[in-house]
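Hello,

Here is the structure I promised to pass on to you. Have a look at it first, and then read on for my notes on what turned up.

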Amino acid sequence: DTYPKCPNDLLARSWIGQHFPLRSFDTMCGIFAYINHCEPKQRKEIIAMLLNGLKRLEYRGYDSAGMAVDGDATLEDGTRECVLLKQSGKVNMLEKKATSADLDHEKSLLCHSGIAHTRWATHGPPNEVNCHPH
């Protein structure tokens, strides 16, 4: 059985693991993405899925969180706008911001892509400007 028993085993054998000590990753950010294609989902379901993904990554530690979701406006090239929601603090603070955002939460989207991200402030203070994603 050559499959690593622990994710750190895989990391240690990777190029990154060889060039950066594992302790460098003790406070790594967390990224969670969700894509649905030809599967109608309400925006509130998509946001809930992204937030739940971040909650599962909270053990890594962080000081701010954000997400990018498809908006309601259609751009000139036919794509939808990208809406960024960012908040310093914990995921539950981002959740409050997302549920009160000026978005149609009941809107059903046939195709959607979204990403959620936690971050440690390694450069710049933990505020909305520095929150990821950018």
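**A buried arginine and its partners**

Let me start with Arg 43, which counts as buried because its relative accessibility is 0%. Please keep in mind throughout that this is a predicted model.

What does Arg 43 pair with? Its salt-bridge partner is Asp 72, and the closest N and O atoms of the two are 2.9 Å apart. Since Arg 43 belongs to helix H3 and Asp 72 to strand S3, the pair ties together parts that are 29 residues apart in sequence. Unlike the buried arginine, Asp 72 is partly exposed, with a relative accessible area of 31%.

Asp 72 has another salt bridge, to Lys 107, at 3.6 Å from N to O. Here the aspartate is in strand S3 and Lys 107 is in the loop between H4 and strand S5 (108-109), so this pair ties together parts that are 35 residues apart in sequence. Lys 107 counts as partly exposed, at 28% relative accessibility. Through shared partners, the salt bridges join Arg 43, Asp 72 and Lys 107 into one network.

The whole structure holds five salt bridges. One of the others you may like to look at links the side chains of Asp 70 and Arg 80, at 3.0 Å from N to O. Asp 70 sits in strand S3 and Arg 80 in strand S4, so the pair ties together parts that are ten residues apart in sequence. Is each partner buried or exposed? Asp 70 is buried, with a relative accessible area of 13%, while Arg 80 is partly exposed at 29%.

**The sheet behind these contacts**

Strand S3 keeps coming up, so it is worth placing it in the fold. The sheet is open and has four strands, in the order S1-S6-S3-S4, with antiparallel pairing. S1 (31-36) and S4 are the edge strands; each has a single partner strand, so one side of each is left without a neighbour in the sheet. From one strand to the next, the twist averages 15 degrees.

S3 (residues 64-74) pairs with S4 (residues 80-88) in the antiparallel sense over eight bridges. Within that pairing, Val 69 stands opposite Val 83. The two strands form a hairpin with five residues between them, and Gly 78 in the turn has a positive phi of about 95 degrees. S3 also pairs with S6 (residues 112-119), again in the antiparallel sense, over five bridges. There, Ala 65 has Thr 118 of S6 as its bridge partner.

Two helices are worth following against this sheet. H3 (residues 43-56) lies across S1, S3 and S6 and runs at about 160 degrees to S3. H4 (residues 91-100) packs on the sheet and touches S3, S4 and S6, its direction making about 135 degrees with that of S4.

**The nonpolar core**

Which residues have the most contacts inside the largest nonpolar core? They are Ile 47, Leu 50, Met 67, Val 69, Leu 85, Leu 94 and Leu 103, in a core of 19 residues. H3, S3, S4 and H4 are the elements that give two or more residues to this core. H3 gives the most, with five residues.

Leu 103 brings us back to the opening pair. Leaving aside residues up to four places away in sequence, Leu 103 touches Arg 43, Ile 47, Val 69, Asp 72, Val 83 and Leu 85. Both members of the salt bridge between Arg 43 and Asp 72 are therefore among the contacts of this core leucine.**The cysteines**

How many disulfides does the structure hold? The number is zero. The sulfur of Cys 38 has its closest cysteine sulfur in Cys 111, at 4.4 Å, which is too far for a bond. Cys 38 counts as partly exposed, at 48% relative accessibility, whereas Cys 82 counts as exposed, at 52%.

Happy to hear your thoughts once you have had a look.

Best wishes

Terms used
Residues are numbered from 1 along each chain as its sequence is written. This is a predicted model: local features need pLDDT of at least 70, side-chain atom pairs count only at pLDDT 80 or more; totals for chains, interfaces and linings use all residues. Side-chain values use heavy atoms; hydrogens and water are left out. Two strands pair if DSSP finds at least two bridges between them. Axes are lines fitted to C-alpha atoms, for helices over the stretch in contact, and angles run from 0 to 180 degrees between N-to-C directions. Contact means heavy atoms within 4.5 Å. A salt bridge is a side-chain nitrogen of Lys or Arg within 4 Å of a carboxyl oxygen of Asp or Glu. Buried means under 20% relative accessible area, exposed over 50%, partly exposed in between (1.4 Å probe, protein chains only). A nonpolar core is a set of buried Ala, Val, Leu, Ile, Met, Phe, Trp, Tyr and Cys residues joined through side-chain atoms within 4.5 Å. A disulfide is a pair of cysteine sulfur atoms within 2.5 Å.
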